[in-house]
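Subject: Structure for your review

Dear colleague,

Please find below the structure I promised to pass on to you. I should be grateful if you would look through it alongside the notes that follow.

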Amino acid sequence: MKKMWTRPKQMQGSVGEDSDRTDDEPLVIDAEGNITESENNKQSVVKQTQKSAKEDSIATEFDALKKILEHRVGLHTSFDVVFREMVFGGKKAGIFYYNGFAKDNVLTMVLDRLSTAEHVSDHAKDEAITDIPIQHEVGHSAGQDTIQLFMDALIPHIQVKQTDKLNEVIDEVAMGATGFFFEGSAAAIVVDAKSFPVRSTEEPDLERVVRGSRDGFVETLLTNVTLVRRRIRDPRLKLEMLRVGRRTHTDVCLAYIDDICDPALVEAIRDKINQIQVEGLPLAEKQLEEALVGKSWNPYPMVRYSERPDVIAVHLLEGHVTLFVDTSPSVIILPATFFHHVQHAEEYRQTPMAGTYLRWVRFLGIAASLFLLPLWFLLVSSPELKPVGMDFIGPQEAVKLPLLVQFLIAELGIDLMRMAAVHTPAPLTTAMGLVAAVLVGEVAVKTGLFVNEVILYLAVAAVGTFATPSYELGLANRLTRLMLLIASAIWKVPGFVIVSTVWVIYLATRRSYNAPYLWPFIPFNVKAMREIVLRRPFLAVKTRMSLTKPADSTRQP
């Protein structure tokens, strides 16, 4: 037995999926107390579904189609939206495209072929063309024979697909394709003939090498994945295309090698991308990173970026997952640890002995960028800590400003000069460097504002920061250095020890897609740590690192 129940006023309109329900529309409670929809509600859902499908259908009349496009994409309002009407083979066609994306030479070739097409009639010879047994994804609809004729016999292009959904045509055209409508047909043909403004694949500034390839990623996704395909010709290299952003519809390519990468890792990243609900990704890979990592004030990068195709190819062969984002030259590598950010391609372009030496020098530079200034400050503020024979450390005369204030001013000055160098035109950067070095640095020391040793050690720390391969890691280490410096000034040795310990524990508890951030140092892995410390010969590395849990851990036969 069922009884009727009317929704209370405080509940009416509170559920998004019931927005079409009227306030006094009853719900039904069955004998077991379960609330079910009434017949009116079911009919409302059916009508709404039918209405949505109708809005997504392609109008067979061009007048109605153009009115829809005026409302949806700004036809006749936006100057770059074009709907060109022509006649091919006696059939009226509408060519829909964005003027800046159209690839003129390809479309001209297609139009030349269509212009020579004979009149499409109901003669037997024409029926024979449309009866070719080719399987199409779209079923028969109004004007299906015309669509099939143009798609199978008249449009000379390799990237062509058929659709009966107007939303799909609009999305494809927004990405650079061209849509062909035919009056009387409820389907359309999408030709992928697009041309994006691109720069050359030149070597990236942040990852230069003395010897090696000089090509780098650009802002076009297809070009970037092709550079990787050129290096990895394995058919098991998978490139899955996903789309993020309600307004931008940004293309995101999920790349991995099928029989090497952990399937659970791929599934986790794919699900996380599909769950992203944002308006768009205008800043491309950086906003995607924050959406994947989550809300956090962690200054240390949880993913690694690279603009070099060879670096991406190496990580794919290691079992990592990479993410290409359209309009960005930087590719995301997952998972990534602290030690991924301190390696550079130059180490692998030299002999194993020279590569190991370069790696150790880089490690020393990174350590100096973190601990040199706080340790010097401790030795100066606490002279009893100075080792025997190192009494020369520290200022030999009274200073006008406290050392901590000098360090903070100098740190801010270096960051200010770095930002000025980014925004200064290239012909003026040399002049700006001379002004900073001569007028600011030298005069500040001569007037007694700074101590010579402050400038010296700060310069060494700055060089260590710039020697860090990862720009993001260098910025995070700079913040850590400031915290260590302030803690050493306030609490002396206990402050330095406590902040250093908290820093290590904090990094040890971070995870990049279930990968410990300080691996293989914490948890300690002897075999993997040897790979970090030493740049071993290529043929001596027989297996892949266990960090990514590769399905195939054998690297060399």
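The notes below move from the whole chain to one sheet and then to one helix.

Please bear in mind that this is a predicted model. The chain has 557 residues, of which 43% are buried. Its secondary structure consists of 17 helices and 15 strands. When contacts between residues at least 6 apart in sequence are considered, 62% of them join residues at least 24 apart. The accessible surface of the chain is about 30600 Å², and carbon and sulfur atoms account for 60% of that area.

One open sheet is built from 5 strands, with antiparallel pairing and the order 9-10-12-13-11. Strand 9 (237-244) and strand 11 (304-306) are at the edges; each has a single partner strand, so one side of each lacks a neighbour in the sheet. On average, neighbouring strands of this sheet are turned by 25° against each other, direction ignored. The partner of strand 11 is strand 13 (residues 331-334), and the two pair in the antiparallel sense over 3 bridges. Within this pairing, Arg 304 stands opposite Ile 333 of strand 13.

Helix 12 covers residues 352-381. Its 30 residues should span 44 Å at 1.5 Å a residue, and because its end C-alpha atoms lie 42 Å apart, the two values agree. Helix 12 nevertheless bends by about 45° at Phe 371, and Pro 374 follows within four residues.

With kind regards

Conventions:
Residues are numbered from 1 along each chain as its sequence is written. This is a predicted model: local features need pLDDT of at least 70, side-chain atom pairs count only at pLDDT 80 or more; totals for chains, interfaces and linings use all residues. Side-chain values use heavy atoms; hydrogens and water are left out. Two strands pair if DSSP finds at least two bridges between them. Axes are lines fitted to C-alpha atoms, for helices over the stretch in contact, and angles run from 0 to 180 degrees between N-to-C directions. Buried means under 20% relative accessible area, exposed over 50%, partly exposed in between (1.4 Å probe, protein chains only). Contact means heavy atoms within 4.5 Å. Accessible areas come from the Shrake-Rupley method with a 1.4 Å probe; for residues, only the protein chains shown count as cover. The expected span of a helix is 1.5 Å times one less than its number of residues. The bend at a residue is the angle between axes fitted to the seven residues ending there and the seven starting there.
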